[in-house]
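Let's take a walk through this protein together. Please keep the sequence and the 3D view open as you read.

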Amino acid sequence: MAAYFNTNQLRSSLQELVKVYISECEECKELSQDCIDLIRHNFLAEFVVYNKKDNTIEVGINETEKFDGYPEIKIYTFPLEDIGKKVDHSFRNNTEDLEFYGKLVGRRKGIGSNSVVVFE
């Protein structure tokens, strides 16, 4: 069965999903792979790591414009509880991004990652 979302509904569902990711991380002290994938996708990050000691998420972003050796990775650190705002702020509205978000929401809701239809 397919689920139909408009862009605002998908964004709202994604915000709720990030709250679940944060709650799960607080419980088990580990980021889920879906949460890592979402943050990497939105920030175009090379890596995402949860720092248990500081209760923060570290995001490594390649600052190099062209490839001519080792990349220059800049590490941004966000408190775990702020990641929902950061993900929402980096929400993108193009077709490929909406499809990616739909797959994440679909997997979590148990409706299948390919059964989400997004319309404007």
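What follows goes from the overall layout to the helices, the charged pairs and the aromatic rings.

One thing to keep in mind from the start is that this is a predicted model. The protein contains 4 helices and 5 strands, and if you trace the chain from its N terminus, these elements come in the order β-α-α-β-β-β-α-α-β. Of its 120 residues, 35% are buried. Among contacts with a sequence separation of 6 or more, 49% join residues that are 24 or more positions apart. The outside is worth a look too: the protein exposes about 7,600 Å², and 49% of that area comes from carbon and sulfur atoms.

Now turn to helix α2, which spans residues 33-43. Which of its residues are buried? They are C35, I36, L38, I39, H41, N42 and F43. The helical repeat helps in reading such a list: an α-helix has 3.6 residues a turn, so residues three or four places apart point the same way. Directly after α2 comes L44, whose phi is positive, at about 50°.

Next, the charged side chains. Side chains of opposite charge can pair when their charged atoms come close. How many salt bridges does the model hold? The count is 5, and three of them make good stops on our tour.

Begin in helix α1, residues 7-28, where K19 and E16 sit 3 residues apart. Their side chains form a salt bridge with an N to O distance of 3.3 Å. Why can these two reach each other along the helix? Their spacing puts them about one helical turn apart. As for their surroundings, K19 is exposed, at 52% relative accessible area, while E16 is partly exposed, at 44%.

A second salt bridge joins D82 and K85, with 3.7 Å from N to O. Here D82 is partly exposed, with a relative accessibility of 24%, and K85 is exposed, with 59%.

The third stop is the salt bridge between D97 and R92, at 3.1 Å from N to O. Is D97 buried or exposed? With a relative accessible area of 5%, D97 falls under the 20% limit and therefore counts as buried. Its partner R92 is partly exposed, at 24%.

Let's finish with the aromatic rings. Searching the whole structure turns up 3 aromatic pairs. One of them is F91 with Y101, a stacked pair whose centres lie 4.8 Å apart and whose planes make an angle of 20°. F91 belongs to the loop between α3 (83-89) and α4 (95-109), whereas Y101 belongs to helix α4, so their pairing ties together parts that are 10 residues apart in sequence. Both F91 and Y101 are buried, and for Y101 the relative accessibility is 0%.

Y101 also pairs with F100, this time edge-to-face, with 6.1 Å between centres and 65° between planes. What do F91, F100 and Y101 make together? They form one aromatic cluster. If you select these three residues in your viewer, you can follow both pairs through Y101: the stacked one with F91 and the edge-to-face one with F100.

Note on methods:
Residues numbered from 1 in each chain as written. Predicted model: local features only at pLDDT ≥ 70, side-chain atom pairs only at ≥ 80, totals over all residues. Heavy atoms only, no water. Salt bridge = Lys/Arg side-chain N within 4 Å of Asp/Glu carboxyl O. Buried < 20%, exposed > 50% of the residue type's maximum accessible area, 1.4 Å probe, protein only. Phe/Tyr/Trp six-rings, centres within 6.5 Å; stacked < 30°, edge-to-face > 60°. Contact = heavy atoms within 4.5 Å. Areas by Shrake-Rupley, 256 points an atom, 1.4 Å probe, with all protein chains shown as cover.
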